Amino acid sequence: MMMNRRHFLDTLGAGSLVALAPMAVRAAPLKRVVVVGGGMAGATAAKYLRLWSNKTVDVTLVDTSTKYVSNIMSNLVVTGQYGPTILDYGWSNLVKNHGVKLLNGTVTQVEPGGSLGAWKVTVTGGSTNTELYCERVVLAPGVKFDAVASTANPAVAAPILHAWEAGAQTTQLRDFLAAMPPTGTFVLTIPKAPYRCPPGPYERACVVADYLKRNKPGAQVVVLDANQDITAEKENFSHAFSVMYGSNLTYRTGRLVKSVTSVPGQPGGSVVVDIVVKDASGQDVVMGTETYEAQVLNVIPPHRAGAIVQNLGLADATGFAPVDGRSFESTVAGKSGIHVIGDASKTSLPKAGHVGNQGAKICADAILRAFAGQAPHSSPTANSACFSPLSNTLASWLTAVYQYQQDPASGAWKYVAIDQVSGATGATEARAPSTGSFSKMGTWYRSLMTETFS
């Protein structure tokens, strides 16, 4: 069933993945958009700017890589259940089917374009610079990871694996896990929210614990969470930690990484954490430190918006880019016409692949409205749907519809999650993990990736 843009923004249902009809009002001719970053958000924005404008808007997609490697499903590559090629996607269908222009390189500057366009985007590829002029810029660079202090050399990031950006580190962590001693310890650290994919670290803890339980029953998983509680799918992950993996998984909250000691190229090391609790006023109080030894060390560092967002001064003190939630246009003075989508933006939406796809469509619609002299939709909706494997056969799920609305008390506008079962505020979580959900997870993944990259 085809759906127009207005219906998408007004009535999007949880879990839906739809191919949308071209926009009813054509954008003005000769409008140009440069999209920086070809992940879930960037690829979607490029596709729908072309699709919804009936190919009247010129779209160039710039990425530093020759392919996109999906973070979704990468935890099952870590455990060896799937090969790494399941994560690989490209942009050839966006070029062939929609006429998106593709440019490989690194965006080094975005500056006013003068008489040639609102913005000039400089792309460096090898020894060549390419200058692109456009009316709008969409930044979807993902995230950059903060350095982790190393006791061996405090001046540099510790040579440890996070595997929180799928690719070489994913397969390296897989190999380290497979080679781990039968009685070894796998230590996983989780940064303070917000971070990419709220349920992802807990999902990784579960599938690693499942792998070890089946293959190395004497081995242990230790999860050190900087947050005071599980940040997503609390019921299912709490049950998994205490019941499914009560014998081989230890979960500790309020453990903030202080320093790490490791050896380059080696899987193990030690991590020192501050024990953090909240006082009566809600402030963090450090109650002491602990040291954990690991045969495989997996430290997910805090992260922030990608380098180009930082370099252009679009991020605030949180490290992410504040935007108008109706359009994802930057709210920084002097940066109108630059939009930041996906994990790099600062909104109340979770940082996740499906949400990146949804936010990109809201952004694309707002840009096309602006080209047609219209204001953005006043109260768009976005949905979030994800499946989380808890073992090699069981998965749970989480879904919500996010409505952009004004808080009656503060007057602030934000996306509010609505439980689709009860109608109350909050996301809907699976009652329990199941084999049926594991099977549906594969269908959901293939549908989402096909919808984004086809």
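**Figure 1. Val 277 and Val 285 face each other across a strand pair.** In this predicted model, Val 277 stands opposite Val 285 of strand 16. The two strands that meet here are strand 15, residues 269-278, and strand 16. They run antiparallel and are joined by ten bridges.

**Figure 2. Strands 14, 15 and 16 form an open sheet.** The sheet has three strands, in the order 14-15-16. Their pairing is antiparallel. Strand 14 is an edge strand, and so is strand 16 (284-294). Each of these edge strands pairs on one side only. From one strand to the next, the twist averages 20°. Strands of a sheet pair through backbone hydrogen bonds, in either a parallel or an antiparallel way.

**Figure 3. The second largest pocket has 22 lining residues.** Its volume is about 320 Å³. Nearest the centre of this pocket lie Asp 146, Pro 191, Lys 192, Pro 301 and Pro 302. Three elements give two or more residues each to the lining: strand 11 (185-190), strand 14 (255-262) and strand 18 (303-305). Strand 14 gives the most, with four residues. This is the strand that forms one edge of the sheet in Figure 2. By class, the pocket lining has 14 nonpolar residues, four polar ones and four charged ones.

**Figure 4. The largest cavity has a volume of about 110 Å³.** The structure holds one cavity of 30 Å³ or more. Helix 9, residues 353-371, gives the most to the lining of the largest cavity, with three residues. Among the lining residues are Ala 352, Val 355, Gly 356 and Gly 359. The lining also includes Phe 328, Gly 342, Asp 343, Ser 345 and Thr 347. Leu 349, Pro 350 and Lys 351 complete the cavity lining. By class, the lining of the largest cavity divides into five nonpolar, five polar and two charged residues.

**Figure 5. The whole protein, for orientation.** The protein has ten helices and 26 strands. Its radius of gyration is 22 Å, close to the 22 Å that the globule rule gives for 454 residues, so the protein is as compact as a globular protein of that length. Along the principal axes, the C-alpha trace spans about 65 × 55 × 50 Å. Of the 454 residues, 53% count as buried.

Methods. Residues are numbered from 1 along each chain as its sequence is written. This is a predicted model: local features need pLDDT of at least 70, side-chain atom pairs count only at pLDDT 80 or more; totals for chains, interfaces and linings use all residues. Side-chain values use heavy atoms; hydrogens and water are left out. On a 1 Å grid over the protein atoms alone, a cavity is a set of points where a 1.4 Å probe fits but cannot get out, and a pocket is an open set with protein on both sides within 12 Å along at least five of seven lines; lining residues have an atom within 4 Å of a point. Grid points are joined across faces, edges and corners, and a volume is the space filled by probe spheres set on the points. Ala, Val, Leu, Ile, Met, Phe, Trp, Tyr, Cys and Pro count as nonpolar, Asp, Glu, Lys and Arg as charged, and the others, Gly among them, as polar. Two strands pair if DSSP finds at least two bridges between them. Axes are lines fitted to C-alpha atoms, for helices over the stretch in contact, and angles run from 0 to 180 degrees between N-to-C directions. The radius of gyration is taken over C-alpha atoms; the globule rule is 2.2 Å times the number of residues to the power 0.38. Buried means under 20% relative accessible area, exposed over 50%, partly exposed in between (1.4 Å probe, protein chains only).
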